[in-house]
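Reader: I've got this one open on my screen and I'd like a close look at a single part. Could you walk me through the second chain, and then the place where its partner packs against it?

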Amino acid sequence: MNYSFDFQSISFAPLWEGLMVTLELTAAANIIGIVGGFLLALLIMSPIAVIRLPAMLFVEFFRCTPAIVQIVWFFYCVPMLFNVFLGSMTMGILALGFNLMAFNAEAYRASIQAVPREQIDAGIALGLNPFQRILYIVLPTAFRASIPVLLTNGIGIFQQSALVAIVAVQDLMYQGKTLATETYRPIETFTVVALIYFAVSFPVTQVVGYLERRRQLLMN
Amino acid sequence: MALDFSIILRFQDALLLGLWMTLKLTLICVILGCTLGFLVGLARTSRSVMLRAISSIYVEFFRGTPVLIQLFWIFFCLPLILGIELSNLASGVIALTLYMGAITSETFRASLKSVGPEQLDACIALGLPRRIQVINVILPQAVLRAIPTLLSNCVSLFKESALVSAVGMADLMFVGQNISNNTARPVEVLTIVALIYFVIAFPLTRAVSLIERRILAKLAI
C-alpha cells in the first residue's frame, strides 16, 4: 500500500462542534427516553386493552423498523401530515427520543415484572394508593434494576444519532462527511470520527459491564 | 392533504427489487457474520493472549462506533488502502459481516460462559477427553442457548441493512427514498417502506420470544 497519511489536514474545530451537537442530541433523547419509557412501560402493562394496544403498537413499530427509516419518515412526513414545522434539531431529538422510549419501555417492563409481588402487597397493606405504590415501591426498584440496560440503550442512541447526518443535521458524522469531501482525505477523517465515537462509547460500555458484574456478585 | 396509496402499485416492481436486495444482503451477512462471530467468540475465550487481545479490540471497536461510520469507512477508505476497486455489494457485505461478526461473537461468548462449571467437573469425573468435552457437552448446550439471541441479532442486521442506502446501494430504503423524491409523495411511499420492514421484522421478534420460552423449558428439565 502506497498511501501517505496526512492527519495534519484535518481541522478539529468543526469536528468538535459536531460532537457537541451529537452529545446534545443524545442527552435530550435520553431524557425523553428515560422518562417517557417508564410511562410507556406502565401503559403497556395496563389491564385496559384500549390503553395497552396502542402503546404496544408504538413500541413494536419502533423496535421492528430501521432507525434510518424512522428518521427519514419523521423529517419528511411529520411536517406534511400534521402541518407543523419544527427545527431540524428538534425533529432529530424527537425521532431519536421516541425510538429510545420504545426500547427503554421494554427494559422497564422486564424490571417492573421482576418487582416481587409481596412488596406491592405490603404497599396495599400500608394503605398506599396505586399512584403512591408506583412512585415509592415500583419505580425505585425497577429503575435501579434497569440501569445497565438503560445505559446500553442510551449509548446505542449516541451511535444511532449519526443517522441524523443523512437529513442534514450538523452532527459529528455530518461534519466528518463535509470535511472528508473538502480535504479529499476520507481515510484520515473517517478514522478520526470513528475514534471520537469510540472514545465516548467505550467507557460507558465498560461501566455497564462493571455494574452487571457487581449485580451478579450481589445476587449470588 | 389527500393521501393516495394507489401510487405504490405503480412502483411495485422497483420496491420488490429493493426488498430482494435487502433480503439477499441480510442473508449473506447472516451466514458469513455468524461464522465469523463463532470463531471470534472462541478466540475471545482462548488461552492465547494475542488472540484474545486482537479479537477484543475488533469486537469493542465495532460495537463502540456507529454502523454508518463503519460503512462509510469501508466504502471510501478500504478501496484506497487495498488499492483495488470494490463493488457496492462487496463493500456492503464486508461492512455488515464485520458488524454482525462483532455482535454475534458476544452472543456466542455469553452462551459459552453460561454452561456451568459443574458440567466441566462432570466431564472430568467421567474421564472424558478434552475434545469430547467441547464437542459433545459444551457446544450443544452453548449453541442451543445462543439461538434466541442470534435470531434477534439477525433482526438487528436486517434493520441495520437499511443503512447501505446512504452509500447508494439500491436496497428497499434507497428505492423508497428515490420514489418518494421523484413523486413528491413521501408520506405514502415512506410509510409503505416502513410497513414492509415491520411486516418482516415483527414476526421474527415474536418467533424469538417463542423459541426462547421453548428452549428455556427444555433446558430446565
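Author: Sure, let's begin with what the database says. In an unreviewed UniProt entry, the feature "transmembrane region" is placed at residues 20-43, 64-84 and 189-208 of chain B. Keep in mind that what you're looking at is a predicted model.

How do those record stretches look in the coordinates? Take residues 20-43 of chain B: that piece is 100% helix and 0% strand, with its end C-alpha atoms 34 Å apart. Residues 189-208 of chain B also come out as 100% helix and 0% strand, and here the end C-alpha atoms are 29 Å apart.

Zoom out and the rest of chain B goes along with that. There are 9 helices and 0 strands in chain B, so if you trace the elements from the N terminus you just read α-α-α-α-α-α-α-α-α. The C-alpha trace of chain B covers about 75 × 45 × 25 Å along its principal axes. Of the 221 residues in chain B, 39% count as buried. As for how the chain folds back on itself, look at contacts between residues at least 6 apart in sequence: 77% of them in chain B link residues at least 24 apart.

Now for the partner. On the chain A side 32 residues are in contact, and they meet 33 residues of chain B. Four helices of chain A each put at least two residues into that side: helix 2 (49-63), helix 3 (67-82), helix 6 (130-160) and helix 8 (186-219). Helix 8 of chain A gives the most, with 10 residues. Sorted by class, the side of chain A that touches chain B holds 25 nonpolar, 5 polar and 2 charged residues.

Let's stay with helix 8 of chain A and see what it does against helix 3 (residues 49-64) of chain B. The two pack at an angle of about 105°, and their axes are 9 Å apart. Angles of 65 to 115 degrees count as roughly perpendicular, which is why helix 8 of chain A is described as roughly perpendicular to helix 3 of chain B.

If you want to click on residues, here's the list. From helix 8 of chain A, pick A:Y197, A:F198, A:S201, A:F202 and A:T205; they meet B:E60, B:F61 and B:G64 in helix 3 of chain B. By class, this helix-to-helix contact has 4 nonpolar, 3 polar and 1 charged residues.

How values were computed. Residues numbered from 1 in each chain as written. Chains lettered and ligands numbered in written order. Predicted model: local features only at pLDDT ≥ 70, side-chain atom pairs only at ≥ 80, totals over all residues. Contact = placed C-beta atoms within 7 Å. Nonpolar A, V, L, I, M, F, W, Y, C, P; charged D, E, K, R; others polar. UniProt positions renumbered as here; feature names shortened; annotations may be inferred. Buried ≥ 20, exposed ≤ 12 C-beta atoms within 10 Å, placed from the backbone. Axes fitted to C-alpha atoms, helices over the stretch in contact; angles between N-to-C directions. Parallel < 35°, antiparallel > 145°, perpendicular 65-115°, else oblique.
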